[in-house]
Amino acid sequence: MSDFELRPRPFNLNDIPDAIDIVRAAWAFDEMDTDIGRVTTAAHYLIKNLAASNIGYTIETPSEPDGDLNAGRVAGFLLGHIPDLPLPGLLDSDEGREWAKNIDDLWMKQTTPEEREAWARDWFTGEKLTTDKATAAGLMPTSPSKLMLFAVDGRLKGQGIGSALYNAFITAHSGFNRDHAVILNTDTWCGWRFYEKHGFTRLAEVPVFEDESEKANADASPIGAFYLYGKLPDRISQ
């Protein structure tokens, strides 16, 4: 794609449909048995992260269409939370609350209680286990900014979109929370090498097994891992 302008702008509610498509393409959501269940869970996942964020950025596709990429679509987005940032939450409006309600209603309609229970368990497991482990080791930063959700259209990776979004977030962090760390949760199946490239250190790692009962088996091999990464204040500018 030519003439791609890496100019992040604030995430707005009109970006939600495209962001849902990107999230659905990036994550399996295999707790759900149907595709509509996976789509509505992607929407639910996005909305939950929007509700916890007070800052977000988007980069759009170029003004001229290229192949199957329509002009002005979301090419990538980043959501984050910066303590004491004087901005409202991204859903703190009548329109935002309406988005949240409609998506939550659709998710409840298109998924079963068992699927939702499995999803809630999986969604919170990695964050809780790695946070607990880092805290027990004395590695959990105080009052960190947090990168909540970060995704780029898979057809557009390698063009600097992720780095441009990340740099916009770090600039905001440096303006409001520069004396504290930046953290994020990720796992084996996400682009964790991107964060190491940008100076993050792995603070905690928890193995993931195909079956939870395998945890007690010393011979069992994990299928992946949950990670907690952090970037300390003296490395933010690097």
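The legends below accompany close-up views of a predicted model of one protein chain.

**View 1. The whole chain sets the scene for the close-ups.**
The protein chain holds six helices and seven strands. Read from the N terminus, these elements follow the pattern β-α-α-β-β-α-α-β-α-β-α-β-β. Of the 238 residues in the protein chain, 46% are buried. Among contacts with a separation of 6 or more, 76% are between residues 24 or more positions apart. The protein chain exposes about 12,500 Å², and carbon and sulfur atoms supply 50% of that area.

**View 2. Seven strands line up in an open sheet.**
Following the sheet across, you meet the strands in the order β1-β2-β3-β4-β5-β7-β6, with mixed pairing. The edges belong to β1 and β6 (201-208), which have a single partner strand each, so one side of each is left without a neighbour in the sheet.

**View 3. Strand β2 sits with β1 and β3 as its partners.**
Here we look at the β1-β2-β3 part of the sheet order. β1 and β2 run antiparallel and are joined by two bridges; in one of the pairings, R9 has T58 of β2 as its bridge partner. β2 and β3 also run antiparallel, and six bridges join them. Two places to look for along this pairing are G56, which stands opposite L79 in β3, and E60, which stands opposite V74 in β3. β2 is mostly covered, with five of its six residues buried. E60 is partly exposed, because its relative accessible area is 32%, and the cut-off for buried is under 20%.

**View 4. E60 and R9 meet across two strands.**
Side chains of opposite charge can pair when their charged atoms come close. In this view, the side chains of E60 and R9 form a salt bridge, at 2.8 Å from N to O. The two residues belong to distant parts of the chain: E60 is in strand β2 (residues 55-60) and R9 is in strand β1 (residues 9-10), 51 residues apart. The pair also has company, as R9, D15 and E60 are linked in a network of salt bridges. In the model as a whole, the count of salt bridges is twelve.

**View 5. D21 and R73 tie a helix to a loop.**
A salt bridge joins D21 and R73, whose closest N and O atoms are 3.3 Å apart. D21 belongs to helix α1 (residues 16-26), while R73 lies in the loop between β2 and β3 (74-81), so this salt bridge ties together parts that are 52 residues apart in sequence. Are these two residues buried, exposed or partly exposed? D21 is partly exposed, at 43% relative accessible area. R73 is also partly exposed, at 21% relative accessibility, a value that misses the buried class because that class requires under 20%.

**View 6. K101 and D105 pair within one helix.**
This salt bridge stays inside a single element: K101 and D105 both lie in helix α3 (residues 94-110), four residues apart, or about one turn of the helix. Why can partners with this spacing face each other's way? An α-helix has 3.6 residues a turn, so residues three or four places apart point the same way. The closest N and O atoms of K101 and D105 are 2.8 Å apart. K101 is partly exposed, with 48% relative accessible area, and D105 is partly exposed at 39%.

**View 7. Helix α2 is mostly covered by its neighbours.**
α2 has 17 residues and reaches 24 Å from its first C-alpha to its last, close to the 24 Å expected at 1.5 Å a residue. Twelve of its 17 residues are buried, including G37, H44, Y45 and N49. Which elements cover these buried residues? The cover includes α1, β3, α3, α4 (113-136) and β4 (145-152).

**View 8. T40 is tucked into the cover of α2.**
T40 lies in helix α2 (residues 35-51). T40 counts as buried because its relative accessibility is 2%, and the cut-off is under 20%. The side chain of T40 reaches the backbone oxygen of G37 at 3.1 Å. Leaving aside residues up to four places away in sequence, T40 touches L106, W107, Q110 and T111.

How values were computed
Residues numbered from 1 in each chain as written. Predicted model: local features only at pLDDT ≥ 70, side-chain atom pairs only at ≥ 80, totals over all residues. Heavy atoms only, no water. Salt bridge = Lys/Arg side-chain N within 4 Å of Asp/Glu carboxyl O. Buried < 20%, exposed > 50% of the residue type's maximum accessible area, 1.4 Å probe, protein only. Polar contact = N/O pair within 3.5 Å; in protein donor to acceptor, adjacent residues only side chain to side chain. Contact = heavy atoms within 4.5 Å. Expected span 1.5 Å × (residues − 1). Pairing = 2+ DSSP bridges. Areas by Shrake-Rupley, 256 points an atom, 1.4 Å probe, with all protein chains shown as cover.
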